[in-house]
Amino acid sequence: MSRLGADLALALKAGDVLALSGDLGAGKSTLARAMICALAGNPDLDVPSPTFTLVQEYQARLPVLHADLYRIGSPDELDELGLDEAAERGVVLVEWPERAEGNLPGNPVAVTIEPSGKGRRITFDGPAFTLARIQRSLAIRDFLAEAGQGEADRIFMFGDASTRAYETITQPDTPIRILMDAPKRPDGPPIRNNKPYSQIAHLAESVTPFVAIGNALRQRGLAAPAIHAEDLDQGLLLIEHLGHGNFLDDGKPVAERYHLAAEVLAAFHAQPFPATLPVGGGTYVVPAYDRDALTIEAELLSDWYLPYFTGKPASDTLRAAYGAAWNQVCDQLDTAEKHLVIRDYHSPNLIWRPEESGLNRIGVIDFQDALIGPSAYDVASLAMDARVDIDPALEAWTKAAYVAARKAQGTFDVEGFERAYAIMAAQRNAKILGIFVRLNERDSKPVYLKHLPRIRSYFARAIAHPALDPVRRFVEDNGILAPADAR
């Protein structure tokens, strides 16, 4: 029951109401206590029964209100318990829900616990979208059991802008592992040439790219996580935990780590990388970072950031001028060196591993959206880290470390690299400006807006290169960057 409660907690979202029914001693309180402890991330949390207090509240990953209605005289008393308000903020767990006579808030999930032989039979009934989340969590438990970790503890890991979810998996006498939960995502609405954004931008729609690319990275000396178990159809992976080392130090960039991460890229780029990779008895073809993908990402600036910046949608004329500027710039990438573009090679996705040696001290954990494109992209992603302020001196030093390592390998086109670096830095930061606004306005994640000043500064730095003249003129003609941002 405790393990089930922890599994259920991983499926819960704000607004969920669980109505726990069963006879005295059935295990309702045990189940509720396990859910609360899991949501709080504290297995030793004191969770008393609310039989006499009627309700107990907990501040956890999701706020939780635990109610026991055994002692209420009539459903009219529910108004005094604050169940409706609690359901708006977080999760509500209700024992003896029969006393509410159908007056619980929202769309409750009925959880019925009945004796069955020497154990218990538990059934769930409620809204399909909530039941689907519960079913997914129970399927993950089955996946872990097949991998020999059916008794393991599952602990929620805080997510990010990604649609994927992660858990730490711990079991005695077994190294900590990571569970990646990434079901195949449905296509969005078509936006161009009858294709959704995800297809045009070549975003991974399953875990297959992660497995194929991760194997290829490890074969070429990068510290990417090993795969311990996989279910490609369900989108479930059990992977190596590369460590707890933060690439940053107290939230600040450490120059030596950026220097080493640049050298990791240089060593990787010195090796050929095939576009076709083996995986799951078949093959995976790494998409090209083609013109459509480059431009549709850059257009996130005109689609999302410009309306936020100006307070009105971008006109068709403005959008056309912006797109034309980028097409002129992208023409210059035809001769750029191409390699695997990991795509998000920056501090949130790099693990500092001081116990290792050499290039193996940098762990790489996010590469499922990788493409074949200008190799300078990942250098720009690192040297203009979207999540931390990188001043021009550290940016230049990081680039110089990469260039020095590439020159030591043999002939290297420094001028071509600088041009491609500037173009990809500008393209990436234009994309991120749009993405961070979209996360706020579409996905209700305002925390990303705090990064906008940094990204505007990076964008201004990048478009100062002569290769970006068409985009810079567009920006200047339309007053897109405030003077303080353009310095």
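Contact here means heavy atoms within 4.5 Å. The model is predicted. Two open sheets and one helix, H12, are described below.

Helix H12 covers residues 392-409. Its 18 residues should span 26 Å at 1.5 Å a residue, and the end C-alpha atoms are 26 Å apart, so expectation and model agree. At the start of the helix, a side-chain oxygen of Asp 391 comes to within 3.1 Å of the backbone nitrogen of Ala 393. After the helix comes Gly 410, with a positive phi near 145°.

The buried residues of H12 are Leu 394, Glu 395, Thr 398, Lys 399, Ala 401, Tyr 402, Val 403, Ala 405 and Arg 406. Buried denotes under 20% relative accessible area. An α-helix has 3.6 residues a turn, so residues three or four places apart point the same way. Leu 394, Thr 398 and Ala 401 are among the residues buried in H12. The cover over the buried residues includes four helices: H7 (255-269), H11 (376-383), H13 (414-441) and H14 (452-462).

One open sheet is built from 5 strands in the order S7-S8-S9-S13-S12, with antiparallel pairing. Strands S7 (153-156) and S12 (227-231) form its edges. Each has a single partner strand, so one side of each lacks a neighbour in the sheet. Neighbouring strands are turned by 25° against each other on average, direction ignored. S7 pairs with S8 (residues 165-171) over 4 bridges, in the antiparallel sense. Within this pair, Asp 153 stands opposite Thr 170 of S8. Helix H4 (residues 128-146) packs on the sheet. H4 touches S7, S8, S9 (174-181), S12 and S13 (236-240). The direction of H4 makes about 50° with that of S13.

The other open sheet has 6 strands, ordered S2-S3-S4-S1-S5-S6. Its pairing is mixed. Strands of a sheet pair through backbone hydrogen bonds, either parallel or antiparallel. Strands S2 (55-58) and S6 (119-125) lie at the edges, and each pairs on one side only. From one strand to the next, the twist averages 20°. S5 (residues 109-116) pairs with S6 in the antiparallel sense, over 7 bridges. Thr 112 stands opposite Thr 123 in S6.

Notes. Residues numbered from 1 in each chain as written. Predicted model: local features only at pLDDT ≥ 70, side-chain atom pairs only at ≥ 80, totals over all residues. Heavy atoms only, no water. Pairing = 2+ DSSP bridges. Axes fitted to C-alpha atoms, helices over the stretch in contact; angles between N-to-C directions. Expected span 1.5 Å × (residues − 1). Buried < 20%, exposed > 50% of the residue type's maximum accessible area, 1.4 Å probe, protein only. Polar contact = N/O pair within 3.5 Å; in protein donor to acceptor, adjacent residues only side chain to side chain.
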